[in-house]
Amino acid sequence: MASKFYAVKTGRNPGIYHTWEECRKQILGFSGARYKSFATMEEAEAFIKPGENEMMEVDEDTLTAYVDGSFCKDNETFSYGMVIVQKQQDDLYFARKYEDPDLAAMRNVAGEIKGAEAAMKYALDQGYKKLMIYYDYEGIEKWCTGEWKTNKEGTRAYKAFYDEEKKNLGIRFVKVKGHSNDKYNDMADMLAKSALGIGDGSFEPKDGDQWEMVK
């Protein structure tokens, strides 16, 4: 009888394996692999089962947001940038700077967390029922889904925020590779930098763009 069950959610052959060696073959060198060990078969099966939000249908009433974070080591401030992508209207751009010594220890990840929270709040404020969040740091999703433990106060607060918002909002996470020339991810990154005054100016909202530096 296996002492552990190795569940591969995303890999060469998703499924449940009884040895680490079998599991390793499915995830080694596989980009974006998602796996975890469990003490019981029931827990392993629950992990690989598609979640409610993974099956969420994306339609014209779904809000799409790209978020990213930045950090300035000179004064230990951090920020988020957020792009709201709209099909029938112009895109919206947001950024905000924070000064919080405790959260600043997480550097740019703190900003990306705040960006994800801002996207959830914006979606609910605007009356949306569903939200797609595009992000590049995997913890943004995995702290919410429970795949990663929330060991810090900042991540515990983030998980609690998500748990409350998802009562009224379907939230689906999509990971994108950072600095890979993804248009909107790059915009979110540069918006976050602009909030800290460290951007290179390669993207700045133009006159007429709907742009807000959130206070």
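**Strand pairing, a pocket and salt bridges in a predicted model**

Asp189 counts as buried because its relative accessibility is 10%, which falls under the cut-off of 20%. The structure described here is a predicted model, and within this model the side chains of Asp189 and Lys193 meet in a salt bridge, with a distance of 2.8 Å from N to O. Both residues belong to helix 7 (residues 183-196), and because they are 4 residues apart there, about one helical turn separates them. Lys193, unlike its buried partner Asp189, is partly exposed, with a relative accessible area of 24%. Salt bridges that share partners also join Arg34, Glu141 and Glu147 into one network.

Side chains of opposite charge can pair when their charged atoms come close. In this model the count comes to 12 salt bridges. One of them is formed by the side chains of Arg34 and Glu147, with 2.1 Å from N to O. Arg34 lies in strand 3 (residues 34-38), whereas Glu147 is placed in the loop between helix 5 (139-145) and helix 6 (153-165), so this pair ties together parts that are 113 residues apart in sequence. Arg34 and Glu147 are both buried. Another salt bridge joins the side chains of Asp163 and Lys159, at 2.9 Å from N to O; these two residues both lie in helix 6, where they are 4 residues apart, or about one turn of the helix. Asp163 is partly exposed, with a relative accessible area of 26%, and Lys159 also counts as partly exposed, at 21% relative accessibility.

Attention now turns to the strands. Strand 4 (62-72) pairs with strand 5 (residues 77-85) in the antiparallel sense, over 9 bridges, and within this pairing Thr64 stands opposite Val85 of strand 5. The hairpin of strand 4 and strand 5 has 4 residues between the strands, and in this hairpin Glu76 takes a positive phi near 55°. Strand 5 itself is mostly covered, since 8 of its 9 residues are buried. Strand 5 is also joined by 7 bridges to strand 6 (residues 92-98), and these two strands run antiparallel. Here Ile84 stands opposite Leu92 in strand 6, and the hairpin that joins strand 5 to strand 6 does so through 6 residues.

Strand 4 has a further pairing, with strand 7, which is in the parallel sense and extends over 5 bridges. Thr64, which stands opposite Val85 in strand 5, also stands opposite Met132 in strand 7. Strand 7 (residues 130-135) is mostly covered, with 6 of its 6 residues buried. Both of its faces are covered: Lys130, Met132 and Tyr134 are buried on one side, while Leu131, Ile133 and Tyr135 are buried on the other. Strand 7 pairs in turn with strand 8 (residues 170-175), in the parallel sense and over 6 bridges, and in this pairing Tyr135 stands opposite Lys175 of strand 8.

Thr62 is found in strand 4 and counts as buried, because its relative accessibility is 10%. When its neighbours within four places in sequence are left aside, Thr62 is in contact with Met56, Glu57, Tyr128, Lys130, Leu131 and Met132. Of these contacts, Lys130, Leu131 and Met132 are buried residues of strand 7.

Rolling a probe the size of a water molecule over the atoms shows where empty space is left. In the second largest pocket, this space comes to about 310 Å³. Thr62 is one of the residues that line the second largest pocket, and the lining also includes Val58, Asp59, Glu60, Leu63, Thr64, Val85 and Tyr128, together with Gln86, Lys87, Gln88 and Gln89. Strand 4 gives the most to this lining, with 3 residues. By residue class, the lining of the second largest pocket divides into 4 nonpolar, 5 polar and 3 charged residues. Thr64 and Val85, which both appear in the lining, are also the residues that stand opposite each other in the pairing of strand 4 with strand 5.

Finally, Lys49 is found in the loop between helix 2 (41-48) and strand 4. Lys49 counts as exposed because its relative accessibility is 59%. Although Lys49 and Lys9 are 40 residues apart along the chain, their C-alpha atoms are separated by 8.0 Å.

Definitions and conventions: Residues are numbered from 1 along each chain as its sequence is written. This is a predicted model: local features need pLDDT of at least 70, side-chain atom pairs count only at pLDDT 80 or more; totals for chains, interfaces and linings use all residues. Side-chain values use heavy atoms; hydrogens and water are left out. Buried means under 20% relative accessible area, exposed over 50%, partly exposed in between (1.4 Å probe, protein chains only). Two strands pair if DSSP finds at least two bridges between them. On a 1 Å grid over the protein atoms alone, a cavity is a set of points where a 1.4 Å probe fits but cannot get out, and a pocket is an open set with protein on both sides within 12 Å along at least five of seven lines; lining residues have an atom within 4 Å of a point. Grid points are joined across faces, edges and corners, and a volume is the space filled by probe spheres set on the points. Ala, Val, Leu, Ile, Met, Phe, Trp, Tyr, Cys and Pro count as nonpolar, Asp, Glu, Lys and Arg as charged, and the others, Gly among them, as polar. Contact means heavy atoms within 4.5 Å. A salt bridge is a side-chain nitrogen of Lys or Arg within 4 Å of a carboxyl oxygen of Asp or Glu.
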